[in-house]
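Work through the exercises below with the model open. Each task comes with a stepwise solution.

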Amino acid sequence: MAARPTWQGHLKLSLVTCPVALFTATTSTNDVRFHLINPETNNRIRMVPTDPDTGPVERSDLVRGYEVSKDEYVLFDDADFDKVKLESTKTISIDKFVDESEIDRLFWDDPFFVVPEKGAGVEAFAVIRDAMKKQGKVALGCLVLRGKERQLALEVRGKGLVAYTLRAHDEVRDAADYFDDIPTVKADADMVEIAARIIGQKEADFDASDFKDRYDDALRDMIKAKTKGGKGTVDVAEPDDTNVIDLMAALKNSLKGSATGSKSAGTKKPAAKKAPAKKSAARKKTAA
């Protein structure tokens, strides 16, 4: 396993304990990232901490400040943070078990793979995992991660466990603050029926590989073109106009289109619509 663990410690259920490691389950390494470059020199720009009165300062000389009122701060240095730093117990102690449906999806946060350390602890890990699978419950526990105490939800996945950090109650906004102002409208029953039939015709299995970042893909194409000495332009199709005037007509047309698309391959397909106009990305200056 090439990845380095984010956390190492023990997983504990009552008297059963086993050594485990946590690995981040997601990655951002595929994101397209940029640096700021001075086009006159092609040098990468370095950000220098600067005091508006005295000029550049050493980062090591700086302290942190919490703004209590406009332009008034309470200062904190490393010694202050050490006083409130939580010591990690290096143990994920499972406190209780709940049904997954009891946890609002708004509270689910970062996922981690929980992997047993090789050796005698693997059997204890299997005991905890298989007992959780048999009961069909999600385990709740906590650990200190990066100096902050985090609540965890652990669920069985294959031969391992997945631990999700859970957002604190005050981190999740109340949906009522946003939804209560939505006007109460009684939807037309016929239109709801047509929309429901469209949903049924578009039912499919979830496939994460279907989701792609078209913006990042366009950037990669442009990077490739610039690397090869091209003009550095790519064509990005404009999305279809979604300004619907007649909702019922639009629903019926959508239903008709969905039904046509679901017919066998031998059925004659309608003529393809004219492709939308393409907009060429602005030509960027190629670095020397």
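**Exercise 1. Classify Arg167 and trace its salt bridge.**

Task: decide whether Arg167 is buried, exposed or partly exposed, and find its salt-bridge partner.

Solution.
- Step 1. This is a predicted model. The relative accessible area of Arg167 is 31%.
- Step 2. Buried means under 20% and exposed over 50%. Arg167 is therefore partly exposed.
- Step 3. Arg167 forms a salt bridge with Asp109, with 3.5 Å between the closest N and O atoms.
- Step 4. This pair links distant parts of the chain, 58 residues apart. Arg167 sits in the loop between strand 14 (160-166) and helix 3 (176-179), while Asp109 sits in strand 11.

**Exercise 2. Extend the salt-bridge analysis.**

Task: how many salt bridges does the structure hold, and which residues are joined into one network by shared partners?

Solution.
- Step 1. The structure holds five salt bridges.
- Step 2. One of them pairs Asp109 with Arg150, and the closest N and O atoms are 3.4 Å apart. This pair also links distant parts of the chain: Asp109 is in strand 11 (residues 108-116), Arg150 is in strand 13 (residues 148-157), and 41 residues separate them.
- Step 3. Check the accessibilities. Asp109 has 23%, so it counts as partly exposed. Arg150 has 15%, so it counts as buried.
- Step 4. Another salt bridge joins Asp130 and Arg129, with the closest N and O atoms 2.9 Å apart.
- Step 5. Now look for shared partners. Salt bridges that share partners join Asp109, Arg150 and Arg167 into one network.

**Exercise 3. Test the geometry of helix 2.**

Task: what span should the 15 residues of helix 2 have, and what is the distance between its end C-alpha atoms?

Solution.
- Step 1. Helix 2 covers residues 121-135.
- Step 2. The expected span is 1.5 Å times one less than the number of residues. For helix 2 this gives 21 Å.
- Step 3. The end C-alpha atoms are 22 Å apart, which agrees.
- Step 4. Inspect what follows. Just after helix 2, Gly136 takes a positive phi of about 65°.

**Exercise 4. Place Arg129 in its surroundings.**

Task: is Arg129 buried or exposed, and which residues beyond four places in sequence are in contact with it?

Solution.
- Step 1. Arg129 lies in helix 2.
- Step 2. Its relative accessible area is 17%. The cut-off for buried is under 20%, so Arg129 is buried.
- Step 3. Other buried residues of helix 2 include Gly121, Ala124, Phe125, Ala126, Ile128 and Met132.
- Step 4. Next, the side-chain partner. A polar contact of 2.9 Å joins the side chains of Arg129 and Asp130. Asp130 is partly exposed, because its relative accessibility is 39%.
- Step 5. Set aside the neighbours within four places in sequence. Arg129 is then in contact with Val156, Gly158, Lys159, Gly160 and Leu161.

**Exercise 5. Map the nonpolar patch and the residues around Arg64.**

Task: which residues form the nonpolar patch on the surface, and which residues beyond four places in sequence does Arg64 contact?

Solution.
- Step 1. The patch is formed by Tyr66, Val68, Val74, Phe76 and Phe81, with about 460 Å² of accessible area together.
- Step 2. Strand 7 and strand 8 (72-76) are the elements that give two or more residues to the patch.
- Step 3. Take Phe76, which lies in strand 8. Its relative accessibility is 34%, so Phe76 counts as partly exposed.
- Step 4. Move to Arg64, in strand 7 (residues 64-69). Its relative accessible area is 60%, so Arg64 is exposed.
- Step 5. Beyond four places in sequence, Arg64 is in contact with Val74, Leu75, Phe76 and Phe81.
- Step 6. Compare sequence and space. Arg64 and Asp77 are 13 residues apart in sequence, and their C-alpha atoms are 6.5 Å apart.

**Exercise 6. Summarise the whole chain.**

Task: how many helices and strands does the protein chain have, and what share of its residues is buried?

Solution.
- Step 1. The protein chain has six helices and 16 strands.
- Step 2. Of its 288 residues, 20% are buried.
- Step 3. Take the contacts with a separation of 6 or more. Residues 24 or more positions apart account for 63% of them.
- Step 4. The accessible surface comes to about 23200 Å², and 52% of it belongs to carbon and sulfur atoms.

Key
Residues numbered from 1 in each chain as written. Predicted model: local features only at pLDDT ≥ 70, side-chain atom pairs only at ≥ 80, totals over all residues. Heavy atoms only, no water. Helix = DSSP H or I, 4+ residues; strand = E, 2+ residues; numbered from the N terminus. Buried < 20%, exposed > 50% of the residue type's maximum accessible area, 1.4 Å probe, protein only. Contact = heavy atoms within 4.5 Å. Polar contact = N/O pair within 3.5 Å; in protein donor to acceptor, adjacent residues only side chain to side chain. Patch = residues over 30% accessible without salt bridge, like charges linked within 9 Å, V, L, I, M, F, W, Y side chains within 5 Å. Areas by Shrake-Rupley, 256 points an atom, 1.4 Å probe, with all protein chains shown as cover. Salt bridge = Lys/Arg side-chain N within 4 Å of Asp/Glu carboxyl O.
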